[in-house]
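Visitor: I would like to learn how to read a model like this one, feature by feature. Please show me the structure and take me through it.

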Amino acid sequence: RELVLLPEEILDNQEYETPVPQAQSEEEIVGQFSGFYSELKKALLSHENVRVYTRKKSVRASAHKVFAIIRFKKSWANVDLRVGRGLVRHPKFKYRKQGESNWGTYKAELNDTVNDDLRTWIRMAYEFVQNEAEEE
């Protein structure tokens with residue numbers, strides 16, 4: 001191994017500014033899912049003390065803890081819900097980690113609406129984080 005000495009001017013990076021990534025707006029994240037998202041947001045906010053906010057490329061809902069994360073793609077949206085391990089048995093709801101997780105995903109297609117199943121799972125996720133908060 002060789003030791004290389006560099007002049008101080010080469011190492012000086014004080015004038016270099018790292019670009020800060022700008023957070024996308026809710027409208028930019030949601031894109032063509034605006035109808036589905038407005039229904040979904042209404043269902044999320046129907047519960048007490050829920051806050052819906054954006055993070056980089058997702059929308060999140062929390063009530064003390066995050067219980068829903070929505071990621072929008074070109075032709076589908078993943079609605080990740082923290083419902084509790086093994087409580088939902090439905091072909092459109094897939095648990096993470098082969099079922100060994102409290103989180104599961106509902107894949108919404110472009111023309112989907114917020115149906116009764118999804119409303120129930122949102123309620124379950126909300127109640128799951130409420131129960132966790134009470135136990136702490």
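Guide: This is a predicted model. Start at the hairpin of S2 and S3, which has 1 residue between the strands. There, histidine 64 takes a positive phi near 80°.

Visitor: In what sense do S2 and S3 pair, and over how many bridges?

Guide: The sense is antiparallel, and the pairing covers 6 bridges. Next to the turn, alanine 63 has lysine 65 in S3 as its bridge partner.

Visitor: How many bridges join S3 to S4?

Guide: S3 and S4 run antiparallel and are joined by 5 bridges. They also form a hairpin, with 3 residues between them. One of the bridges has alanine 68 opposite leucine 81 in S4. As a general point, side chains in a regular strand alternate between the two faces of the sheet.

Visitor: Let us turn to the core. Which residues of the largest nonpolar core touch the most other members?

Guide: The general idea is that nonpolar side chains in soluble globular proteins tend to be buried together. Here the largest nonpolar core has 34 residues, and Phe67, Leu81 and Leu118 touch the most other members. Among the elements that give two or more residues to this core are helix H3 (34–45), strand S3 (65–72), strand S4 (76–82) and helix H4 (116–135). H4 gives the most, with 7 residues.

Visitor: Which residues does phenylalanine 67 touch?

Guide: Leaving aside residues up to four places away in sequence, phenylalanine 67 touches a set including Leu44, Val50, Leu81, Trp103, Ile122, Tyr126 and Val129. Polar and charged residues are on the list too, among them Ser62, Asp80 and Arg82.

Visitor: How is a pair of aromatic rings described?

Guide: The description uses the distance of the centres and the angle of the planes. The structure holds 7 aromatic pairs. In one of them, phenylalanine 67 and tyrosine 126 are edge-to-face, at 5.9 Å centre to centre with 75° between the planes. Phenylalanine 67 lies in strand S3 and tyrosine 126 in helix H4, so this pair ties together parts that are 59 residues apart in sequence. Both phenylalanine 67 and tyrosine 126 are buried. Elsewhere, Phe33, Phe36, Tyr37 and Phe72 form one aromatic cluster.

Visitor: Which charged side chains lie over rings?

Guide: The charged end of arginine 51 sits over the ring of tyrosine 53, 4.1 Å from its centre. Lysine 107 lies over the face of tryptophan 76, with 4.6 Å to the ring centre.

Visitor: Now the salt bridges. Is aspartate 80 buried or exposed, and what does its side chain meet?

Guide: The cut-off for buried is under 20% relative accessible area; aspartate 80 is at 4%, so it counts as buried. Its side chain meets arginine 71 in a salt bridge at 2.4 Å, N to O, and arginine 96 in another at 3.2 Å, N to O. The pair of arginine 96 and aspartate 80 links distant parts of the chain, with arginine 96 in the loop between S5 and S6 and aspartate 80 in strand S4, 16 residues apart. Arginine 71 is partly exposed at 29% relative accessibility, and arginine 96 is partly exposed at 31%.

Visitor: What is the count of salt bridges, and which one lies in helix H4?

Guide: The count comes to 5. In helix H4, arginine 123 and glutamate 127 are 4 residues apart, so about one helical turn separates them. Their side chains meet at 3.3 Å, N to O. Arginine 123 is partly exposed, with a relative accessible area of 35%, and glutamate 127 is partly exposed with 35%. By contrast with that pair, Arg71, Asp80 and Arg96 are joined into one network by salt bridges that share partners.

How values were computed: Residues numbered from 1 in each chain as written. Predicted model: local features only at pLDDT ≥ 70, side-chain atom pairs only at ≥ 80, totals over all residues. Heavy atoms only, no water. Core = buried A, V, L, I, M, F, W, Y, C linked by side-chain atoms within 4.5 Å. Buried < 20%, exposed > 50% of the residue type's maximum accessible area, 1.4 Å probe, protein only. Contact = heavy atoms within 4.5 Å. Phe/Tyr/Trp six-rings, centres within 6.5 Å; stacked < 30°, edge-to-face > 60°. Lys NZ or Arg CZ within 6 Å of the ring centre and 35° of its normal. Pairing = 2+ DSSP bridges. Salt bridge = Lys/Arg side-chain N within 4 Å of Asp/Glu carboxyl O.
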